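Visitor: Please show me the model, and then I will ask about its packing, its empty space and its backbone.

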Amino acid sequence: MNTTLPAAPVDTHCPYCSLQCGMRLRATGSAAQPVEIVERPEFPVNRGALCGKGHSAAAVLAPGVRLTVPLVRDEKGGPLREAGWDEALDRVAAAFRTTGSRYGRDAVGVFGGGGLTNEKAYLLGKFARVALRTASIDYNGRFCMSSAAAAHKAAFGLDRGLPFPLADVARTGCVILVGSNLADTMPPAVRYLREMREGGGRLIVVDPRRTRTAELADLHLAPVPGTDLALALGLLHLVIAGGHVDEAFVASRTSGYEEARAAAMAHWPERVEGITGVPVAQLRRAVELFVAAGTGMVLTARGPEQQSKGVDTVGAWINLCLATGRAGRELSGYGCLTGQGNGQGGREHGQKADQLPGYRSITDPAARAHVAGVWGIDPDDLPGPGISAYELLDALGTDGGVRALLLMGSNPVVSAPHARHVTERIRALDTLVVCDVVLSETAALADVVLPSAQWAEETGTMTNLEGRVLLRRAAVRPPGQVRTDLRMLHELAARLGCEKGFPYEAEEVFAELREASAGGQADYSGISYERIGAQDGVFWPCPEEAATLTGSPAAKASDKAPAKAAPHPGTPRLFLDRFATPDGRARFADVSHRPAAEEPDADYPLHLTTGRVLAQYQSGAQTRRTPELNSAAPGPFVELHPRLAARLGVLEGELVAVTSRRGRATAPARVTGHIRPDTVFMPFHWAGEGRANSLTNPALDPTSRMPEFKTCAVKVEKA
């Protein structure tokens, strides 16, 4: 491994959300604080701005906070102890061989993460399918963007979170923001909404809570949780009834309109008000604002997506864009605000159950042949598709399920739905191996824990929510015995008989990823580390750079060597000429409202919805170890309306119990008029008694296999 590190400050990116804000790292020489974070104002996405998480990201690099040596457990229920790398890796390899021999290859599983670099996600997928030859692989991004991805692909033929740069948001005429509290989850991105409004644009926010983002809006719609599909259909109804359909666009660039029209006309305003709780006057005002602007966008996040009908819901919002001609044109379109740091790239290169690198389908014979050729194996040796993330976790330790699991960059004990059940299943494994930077709640249950290098200690690429491929650069060396995940996969593969094919230098892995992705929808073949650095990122698809013009008449008539074409510039804006479907047309979704998988009743009379807070991130494994962030958000809470609090006799700060059919959680009450009276909210960053995911419903979307995190039935009482 190359251990030469730069002496000058290093340009890199934040380790947290999908903005991947640019920052600059300066090595301090201090073990207590290895790097200093400074602004990088020239990077176009955040223009130097960082939220509190970005500013404090270096805190987790300190040796006292993170893992520095491998840990092993000598017997079930015994304590973890320190071990050398050879002992730890030998144990892992032996357990995987034994499990595969006894129960079959698919009894050895892999669970990845949406925060892994592209190189790690790629090599992890290759490790599962070549070294382990298992179909049992999926990742926590299934819990994040899978519904939007499926709807995006169904409508447009290709899934990239934003089909345009974020800068376009500031110049559009109207944004409908559905189920996103951007001010808390991606604060530097709020500037684009402010700039849009300063330029005369309008903002409509759809959220059951009046969040900090909703406070910025020209119009706030507060639907009942789980009714976003009906809301979108009701808005489309009003667009059609009001004569606002862009007939020319629909006729020339779409298909399936008549079916979508019939479905929308069955969702008249009064019916939609009865389902969603949004007044008819507000529905009409939303349509007025959206169609009055010459351009417009609909941006969704986890609110409408983390539902058992998430794909249909996103499809209905896409229908609104298509019917009004707000897609496939500059400054208009549908986009998904991807959540995790590499939520986009992480779903493109092979750690998903049904996928091969380049966003290829694992069931496509041509895709299998291409990737097998790059990997030097027979296509028939590639496993088929596996099961989705929750289904994999649900079957851990059972007959026919995974018995030995390699888990990298995820903390499902906190983040999975029905978390008490998932924790029980994890405990039932014969062998759990966790690669992580800290001893998370899941790592604490492991038989082997392998300490991973962090963002500032390793080089690799990330793909942000715009589809912009970026380069994280190492600024300092990892402490103690810490190794990169790529090095771990290299060593494990060698112990399993694959001594070649698993490089651990990031740029070498990326070179192979480029080859494997070539010709796929997510084509990175024309992207290099050098180009990323020179251009502040490259948007995919970006086919092979410097293609030779050997077929042109000029080349044939000339005695000179064939000229080379200019490198492909990348694709900041998709779909301007045609959509990525076989006929080039976008497809309307034929969808109708249906209830959530679990509606309130006499025993559980309230809706629960979950989400994030400003100072914490995802399962909190890193942010809860950062003093600055933990002091700002020290623990869970239950947000409830004053009328509900009065009915329950609950005062601000008093401990309340929230109970669903799956479990119970307790946390202090936070009484606010910024939430619907029939709804309570809990953030999901904490373990223990305040774990929100003890309550959530694992009911799955039939297409994306996304669990229904965003709505379930609960009761609330004094604890």
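What follows is a short exchange on helix packing, a salt bridge, a cavity, a pocket and the backbone.

Guide: This is a predicted model, in which local features need pLDDT of at least 70, side-chain atom pairs count only at pLDDT 80 or more, and totals for chains, interfaces and linings use all residues. Residues are numbered from 1 along each chain as its sequence is written, and side-chain values use heavy atoms, with hydrogens and water left out.

Visitor: At what angle do the axes of helix α7 and helix α11 cross?
Guide: Helices (H or I, at least four residues) and strands (E, at least two) are DSSP runs numbered from the N terminus. Axes are lines fitted to C-alpha atoms, for helices over the stretch in contact, with angles from 0 to 180 degrees between N-to-C directions. The axes of α7 (residues 228-241) and α11 (residues 280-292) come within 9 Å, and the crossing angle is roughly 65°.

Visitor: How many charged residues are in the contact of α7 with α11?
Guide: Contact (heavy atoms within 4.5 Å) is made by L231, L235, L238 and V239 of α7 and by L283, R284, A286, V287 and V291 of α11. Ala, Val, Leu, Ile, Met, Phe, Trp, Tyr, Cys and Pro count as nonpolar, Asp, Glu, Lys and Arg as charged, and the others, Gly among them, as polar. By these classes the contact has eight nonpolar residues, no polar ones, and one charged.

Visitor: Why does the salt bridge of R24 with E42 tie together parts apart in sequence, and how many residues apart are they?
Guide: A salt bridge is a side-chain nitrogen of Lys or Arg within 4 Å of a carboxyl oxygen of Asp or Glu. In the pair R24 and E42, the closest N and O atoms are 2.2 Å apart. R24 lies in strand β2 (residues 22-27) and E42 in the loop between β3 (35-39) and α1 (52-55), so the parts tied together are apart in sequence by 18 residues.

Visitor: Which residues lie nearest the centre of the second largest cavity?
Guide: On a 1 Å grid over the protein atoms alone, a cavity is a set of points where a 1.4 Å probe fits but cannot get out, and lining residues have an atom within 4 Å of a point. The lining has 10 nonpolar, three polar and four charged residues. Of the 17 lining residues, those nearest the centre are P163, F164, G328, S332 and L574.

Visitor: Which peptide bond is cis, with omega near 0°?
Guide: Most peptide bonds are trans. P541 lies in the loop between β21 (538-539) and α21 (553-557). The cis bond runs from W540 to P541.

Notes:
1 Å grid on protein atoms, 1.4 Å probe; cavity = no way out; pocket = protein on both sides within 12 Å on 5 of 7 lines; lining within 4 Å.
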